[in-house]
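Please read the following account alongside the sequence and the three-dimensional structure. It moves from the chain as a whole to individual elements and residues.

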Amino acid sequence: MALSRRQFIKIGSVAAGAVVGGELLTNSVCSLHAHEFVDPGTDGDTIVPTFCELCFWKCGVLAHVKDGRVTKIVGNPKHPLSNGRLCPRGTGGHGLLYDPDRLKKPMIRTSRRGEQVFEEVSWERALDEVASRMQDIKARHGAEALALFTHGFGGSFFSKLVKGYGSPNIAAPSYAQCRGPREAAFEITDGRGGGSPEGIDIRNAGCITLIGAHLGENMHNTQVQEFADAIGNGADVVVVDPRYSIAAGKARYWLPIKPGTDIALLLAWMNVIITEKRYDVEYIDKYAEGFERLSKHVEDKTPEWAYPLTGIKPELIRNSARLISGHRPNSLIHPGRHTTWYGDDTQRLRAVAILAALLGSYGRKGGFILQSSMDLPKYPSIKNGDGLAESADKPTPSHYPMASEVLASGLCDATIDGAPYEAKAWMVYGTNLIHALPNPQRTIEAIQKLELLVAIDVLPAEIVGWADIVLPESTYLERYDDLWSATYKEPFIAVRQPVVEPMYDSKPGWWIAKELANRLGVGGIFPWKDPLENITYRLEKGGYDVDAALRDGVILGDHVPVSTDEGLELRFDTPSGKIELFSQDMEMAGLGGLPDYTAHDEPPPGMFRLLTGRAPMHTFGRTTNNRVLGNLMDENEVWINVMAAKALPGFEDKPLRTGDYVVLENQDGVRSNQVRAKVTERIRGDAVFMVHGFGHTAKGLTYTRNKGASDSALTTRYKVDPVMGGTGMNVNFVRVMRAEA
Ligand SMILES: Nc1nc2c(c(=O)[nH]1)N[C@H]1C(S)=C(S)[C@@H](COP(=O)(O)OP(=O)(O)OC[C@H]3O[C@@H](n4cnc5c(=O)[nH]c(N)nc54)[C@H](O)[C@@H]3O)O[C@H]1N2
Ligand SMILES: Nc1nc2c(c(=O)[nH]1)N[C@H]1C(S)=C(S)[C@@H](COP(=O)(O)OP(=O)(O)OC[C@H]3O[C@@H](n4cnc5c(=O)[nH]c(N)nc54)[C@H](O)[C@@H]3O)O[C@H]1N2
Ligand code: SF4
Ligand SMILES: [Mo]
């Protein structure tokens, strides 16, 4: 275990300092980290292992309970994703449990949609109403007229429910608004895709290249731990980002690229690596397809060609390419996660995947490693999900040929356009679509066309305010979910179990879904009496120790070779059985067998490109109402370059200073809430940056409402990726105006 507590604190504290810029807050995040390292020994409290839902990484936690209250949450030392440590958000989970604004009772709308006026009703009445309206919609429009939007682990019960009801329209914004382009690009190239957690060996990498992957602000716990380990072991870091991120502070090279030009840089890196014969010749000969075409393709993509496009000097491109290739095969190009930026994103990620191949990275230590999962038998139930209609998310005849999941944005389009067929009802579990989908006005337009919107949430988020029927779920600390058999380099099975009794009149998702299934006549999809029976059956049938699983929260599998260093034989599940540098499938689909650079519109004079990212102590808008975390950061700020701030029209009399409130107005005249400025040298002059998730408008979020600004509100424009239908959102421009007093 190479990571010391000190190192982790260092990364955590730098992260906090960068976002909030203040000593005080830096210290409070440090103390949060210190808090995580308290030995989980007790002073009379009981400890219940479960897993976190403050973000989608799902770290194992130990929740301490005294007198029926959760007193602290620490990392489970036995759990491979936490190794005894959590990120700041995970330790603040009780801030969600005890949030006074939580949804407390089922509710039915009594006024116009969106006015957020509801009547509290019994569960009986709410569930009867949902079920009878679902039956009615099925009778009149067919079951496929219902769409389920879901994000988060508990959503599995609702996916089953909606399939059982007969609809194929099940989507998460974590595909077309997040990692979709990466999944598609890697599937095309190495036949596997990215996955979550990603199959990457950060800890053993000698060089880590981050292309807009902002680890340290993006707090995916295990990756941050491994990143700290690697840096501790002397790894070189290359950061490509228009903004001087936390990770840039650790880098040998920070390349402040002009936004939207990464493909040019990637092609130029390949040009250097190929012309200087710095690639893994033997590996490419043996495992890859299309090298000749690739060399030809990048022949003229010299650093001199890329310079005027990217703004990165040729020498810097050459030297960084040499550093990156000098470390191969232990040179990791991080594939990123939130990759829906400009609409040509699958092509950019293809370039990343091809570069990784040149470095001999697949199946190698310090590169892309093979992950596996443990066998976990199913609880026998009636057949579910056979013979469903085609999903409604893709326009015909032009389809997105490489999409492997349903597009949330596509279901929204189908609702508005009534094509390929109409969606008449939405069930929304654990996703705040008003913030998650681009162009909230369009989402609201779709909602206004619905006959039914059911929201299952823990908080009165914006989407809940638009619902007809609201079902309050118990938080992750109050419920069982299904077992999680993780696909990971150290495979494991994790248990989520209640730490305390459900508060108020909230109910666990499994119960809500089972009750609805019974009312819809498909009770056989949840044949178990309660989730413990489900868990027990599955574990016993798989030959696992049930008591140990409940006691430890996790069962570890056997180590399976993850790289050639451990004797792994490389195989690629592509049409050619090799790594596809050139993709025949893409070529035939008219999408280009090799990635090309395309230019993007630049902000007109006086405007900036709006870029977004994460803050270490928040997950989007889902934690901003959490008082424990809000205490660390309760509003976002907009980063503006020092020189650009000096030249801002309207600020001639009184120059813009850090802490001043401004308003942003986008190309379509949409204005933001007022938001504090951070005037800094750490961002290019052609872009501004803010953390996503603030600027809430929902009435019930009494703590966070109207604090900071929402980037989603300003994202009225987006570019659709022709390969897989992702919505590129970094294509909006804003002007900065002084906030009215
Ligand atoms: N403009 C813009 N749009 C974006 C992004 C961006 O950076 N900018 N990021 C994109 C990315 S990367 C992603 S992954 C998506 C994420 O988008 P979402 O998945 O929509 O994420 P959140 O905004 O966190 O919404 C989560 C909702 O789940 C609720 N919730 C929390 N815990 C529970 C629970 O246990 N049960 C239930 N039933 N509900 C719960 C919260 O109250 C909240 O309403 O957004 C994407 N959209
Ligand atoms: N603390 C915290 N951690 C999180 C989350 C969270 O909400 N909070 N969310 C999780 C989720 S769901 C996801 S998907 C990930 C997202 O995290 P990542 O995948 O790491 O990041 P992105 O949001 O895609 O990108 C943000 C970074 O890209 C830079 N950037 C913007 N435009 C460009 C460009 O044109 N070129 C380059 N090279 N860089 C650019 C921005 O300056 C910023 O540093 O984070 C995860 N981790
Ligand atoms: S990374 Fe943080 S918020 Fe996400 S699951 Fe782990 S501890 Fe929870
Ligand atoms: Mo995401």
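In this predicted model, residues 24 or more positions apart account for 74% of the contacts in the chain with a separation of 6 or more. The chain is built from 25 helices and 27 strands. Its radius of gyration is 25 Å, close to the 27 Å that the globule rule gives for 741 residues, so the chain is as compact as a globular protein of that length. Taken along the principal axes, the C-alpha atoms fill a box of roughly 70 × 70 × 60 Å.

Burial and surface can be considered next. Of the 741 residues, 63% count as buried. The accessible surface of the chain comes to about 26600 Å², and carbon and sulfur atoms contribute 49% of that area. As for charge, the chain carries 82 positive and 91 negative charges, and the mean positions of the two sets are 3 Å apart.

Among the helices, α9, which covers residues 262-275, may be examined in detail. At 1.5 Å a residue, the 14 residues of this helix should span 20 Å, and its end C-alpha atoms are indeed 20 Å apart, so the expected and computed spans agree. Is this helix enclosed by the rest of the structure, or open? Because 13 of the 14 residues of α9 are buried, the helix is largely enclosed by the rest of the structure.

Beyond α9 the chain reaches Lys277, a residue with positive phi that follows the helix. Lys277 lies in the loop between α9 and α10 (281-287). With a relative accessibility of 55%, Lys277 counts as exposed, because the cut-off for that class is over 50%. The phi angle of Lys277 is near 50°, a positive value in a residue other than glycine. Most residues other than glycine have a negative phi. A further case is Tyr504, which is not a glycine and yet has a positive phi of about 55°. Tyr504 is placed in the loop between β17 (492-494) and α19 (509-519). At 39% relative accessibility, Tyr504 counts as partly exposed.

Peptide bond geometry also deserves attention. Most peptide bonds are trans. The bond that joins Ser196 and Pro197, however, is cis, with omega about -5°. Pro197 belongs to the loop between α7 (173-190) and β8 (207-211). A cis bond likewise leads from Ala419 to Pro420, where omega is near -5°. Pro420 is situated in the loop between α15 (408-417) and β13 (425-429).

Which residues does a buried loop position touch? Asn76 offers one example, in the loop between β3 (69-75) and α3 (88-91). Its relative accessible area is 3%, so Asn76 is buried, the cut-off being under 20%. When residues up to four places away in sequence are not counted, Asn76 touches Pro49, Gly60, Val61, Leu62, Ser82, Asn83, Gly84, Asp552 and Val554.

Trp466 is a second example, found in the loop between α18 (462-465) and β15 (469-472). At 16% relative accessibility, Trp466 counts as buried. Leaving aside neighbours within four places in sequence, Trp466 is in contact with Arg113, Gly114, Ile434, Ile444, Ile447, Gln448 and Leu453. Along the chain, Trp466 and Ala698 are 232 residues apart, while their C-alpha atoms are separated by 9.7 Å.

Two further loop residues show how separation in sequence may be set beside distance in space. Ser111 is found in the loop between β4 (107-109) and β5 (118-120), and with a relative accessible area of 22% it is partly exposed. Ser111 and Pro604 are 493 residues apart in sequence, and from C-alpha to C-alpha they are 43 Å apart. Gly249, in turn, is located in the loop between β9 (236-240) and β10 (253-255). Its relative accessible area of 43% makes Gly249 partly exposed. Gly249 and Val239 are ten residues apart along the chain, and their C-alpha atoms are separated by 9.1 Å.

Methods. Residues numbered from 1 in each chain as written. Chains lettered and ligands numbered in written order. Predicted model: local features only at pLDDT ≥ 70, side-chain atom pairs only at ≥ 80, totals over all residues. Heavy atoms only, no water. Helix = DSSP H or I, 4+ residues; strand = E, 2+ residues; numbered from the N terminus. Expected span 1.5 Å × (residues − 1). Buried < 20%, exposed > 50% of the residue type's maximum accessible area, 1.4 Å probe, protein only. Rg over C-alpha atoms; globule rule 2.2 N^0.38 Å. Contact = heavy atoms within 4.5 Å. Areas by Shrake-Rupley, 256 points an atom, 1.4 Å probe, with all protein chains shown as cover. Lys, Arg positive; Asp, Glu negative; His and termini not counted. Charge placed at Lys NZ, Arg CZ, Asp CG, Glu CD.
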